[in-house]
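Reader: Hi! I'm new to reading protein structures, could we go through this one together?
Author: Happy to, let's bring it up and start with the ligand.

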Amino acid sequence: MKRKSDALSALADRVRFFEEIGAGFLFRSEEPRPEAGAAGKTIVAGSPRPAARPAESGLDLPRVDRTLDDVSAEIRACRKCSLAAGRTKAVPGEGNPKSPLMFVGEGPGHDEDVQGRPFVGRAGQLLTKIIAAMGYERSEVFIANVVKCRPPENRVPHREEAEACAPFLIEQISILRPRVIVALGKTAVDFFVPNVKAMGAVRGVFQEWHGLPVMPTFHPSYLVRNEGNREIKRMVWNDMQKVMAFLGGK
Ligand code: SF4
């Protein structure tokens, strides 16, 4: 009986979240979805969601003759920067290696460091809800970070740490060859777009990185810190609609 009420409560939480971010239409299939943004097409409720592997990636980096498991193994053994000293587990990333959609965040926090998996704490649970609102299971997309080891006290990674770790993310992207990347927060934006002074300068506008569209949006931890702020949630949801339109529009 308890399990049933837990399940109902989880469903109610999810409906509430979708309503808050303006995605309540997902539960009201007769209503059209709102206009998509700069990427173009309007998606209407009931239209098929993007195919699992809809088209080739536009990535203009050479193919890599290694697997994601090879890269993960190297990350777990890596001691290239000072973050190795404080980690419990390195967090290479996880998900569907054939996904057209990749999310890149800043770095592991406490829960991620303990489990060795990305985005499993509170911010991660919120990201999972956002992914669900986009019509995907979490396991269908790929999730990684700029740095693979937890910075002390969850501070922002130093530039030399991000630079030391960058070859891993570049290699992961070269193997995955997604069609679009969502950059979560300023550290991820800094990786893809040089010399951005503030998130507001690029958020919600597709950027290009080696031929790939990159959508900068707020990090889920920023949403957690501003839990009652519906406007921020709506901004993120608008950004995700542009990503969905891009994926569904080809
Ligand atoms: S953060 Fe990256 S470069 Fe630094 S030790 Fe971890 S895996 Fe290696």
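Reader: How many nonpolar, polar and charged residues does the shell around the ligand have?
Author: This is a predicted model, so keep that in mind throughout. In it, the shell around the ligand has 10 nonpolar residues, 4 charged ones and no polar ones.

Reader: Which residues are the closest to the ligand?
Author: The closest are C78, C81, A84, C149 and C165, out of 14 residues that surround the ligand.

Reader: And which helix gives the most to that shell?
Author: Helix 5, covering residues 159-176, gives the most, with 3 residues.

Reader: Okay, zooming out. How many helices and strands are there in the protein?
Author: The protein has 8 helices and 6 strands. Going along the sequence, you meet them in the pattern α-α-β-β-α-α-β-α-β-α-β-β-α-α.

Reader: What do the strands form, and in what order?
Author: The 6 strands form an open sheet with mixed pairing, and the order is 1-3-2-4-6-5. Strand 1 and strand 5 (207-209) are at the edges with a single partner strand each, so one side of each has no neighbour in the sheet.

Reader: Which helix packs on the sheet?
Author: Helix 8, residues 230-248, packs on the sheet and touches strand 2, strand 4 (180-184) and strand 6 (212-217). The direction of helix 8 makes about 165° with that of strand 6.

Reader: Let's walk across the sheet, then. In which sense do strand 1 and strand 3 pair, parallel or antiparallel?
Author: Strand 1 (residues 94-95) pairs with strand 3 in the antiparallel sense, over 2 bridges. To find the spot, look for E94, which stands opposite I143 in strand 3.

Reader: And strand 2 with strand 3, parallel or antiparallel?
Author: Those run parallel, and 4 bridges join strand 2 (residues 101-105) to strand 3. You can trace M102 to its bridge partner F142, and V104 to its partner A144.

Reader: Which residues of strand 3 are buried on each side?
Author: Strand 3 spans residues 142-145, with F142 and A144 buried on one side and I143 and N145 buried on the other, so to speak a strand covered on both faces.

Reader: How many residues of strand 4 are buried?
Author: 5 of the 5 are buried, so strand 4 is largely enclosed by the rest of the structure. V180, V182 and L184 point one way from the strand, while I181 and A183 point the other way.

Reader: What does strand 4 pair with?
Author: Strand 2 pairs with strand 4 in the parallel sense over 4 bridges, and one example is L101, whose bridge partner is V180. Strand 4 also runs parallel to strand 6, joined by 4 bridges. There, L184 stands opposite T217.

Reader: New topic: how long is helix 4?
Author: Helix 4 (residues 122-133) has 12 residues and reaches 17 Å from its first C-alpha to its last, close to the 16 Å expected at 1.5 Å a residue.

Reader: Which of its residues are buried?
Author: In helix 4 the buried ones are A123, G124, L126, L127, I130, I131 and A133. Just after the helix comes G135, with a positive phi of about 100°.

Reader: Which residues other than glycine have a positive phi?
Author: Two to look at are R177, with phi near 50°, and H210, with a phi of about 50°. R177 sits in the loop between helix 5 and strand 4, and H210 in the loop between strand 5 and strand 6.

Reader: Why does H210 count as partly exposed?
Author: Because H210 has 13 C-beta neighbours inside 10 Å. R177 has 19 such neighbours, so it counts as partly exposed too; a residue is called buried from 20.

Reader: What about R159, buried or exposed?
Author: R159 counts as exposed because it has 9 C-beta neighbours inside 10 Å. R159 lies in helix 5, and its C-alpha is 9.5 Å from that of T187, 28 residues apart along the chain.

Reader: Last one: what share of the whole protein is buried?
Author: Buried residues make up 38% of the 250 residues. Also, among contacts between residues at least 6 apart in sequence, 73% join residues at least 24 apart.

How values were computed: Residues are numbered from 1 along each chain as its sequence is written. This is a predicted model: local features need pLDDT of at least 70, side-chain atom pairs count only at pLDDT 80 or more; totals for chains, interfaces and linings use all residues. A residue is near a molecule or strand if its C-beta atom, placed from the backbone, lies within 6 Å of it. Ala, Val, Leu, Ile, Met, Phe, Trp, Tyr, Cys and Pro count as nonpolar, Asp, Glu, Lys and Arg as charged, and the others, Gly among them, as polar. A residue is buried if 20 or more other C-beta atoms lie within 10 Å of its own, exposed if 12 or fewer, and partly exposed in between; C-beta atoms are placed from the backbone. Two residues are in contact if their C-beta atoms, placed from the backbone, lie within 7 Å. The expected span of a helix is 1.5 Å times one less than its number of residues. Two strands pair if DSSP finds at least two bridges between them. Axes are lines fitted to C-alpha atoms, for helices over the stretch in contact, and angles run from 0 to 180 degrees between N-to-C directions.
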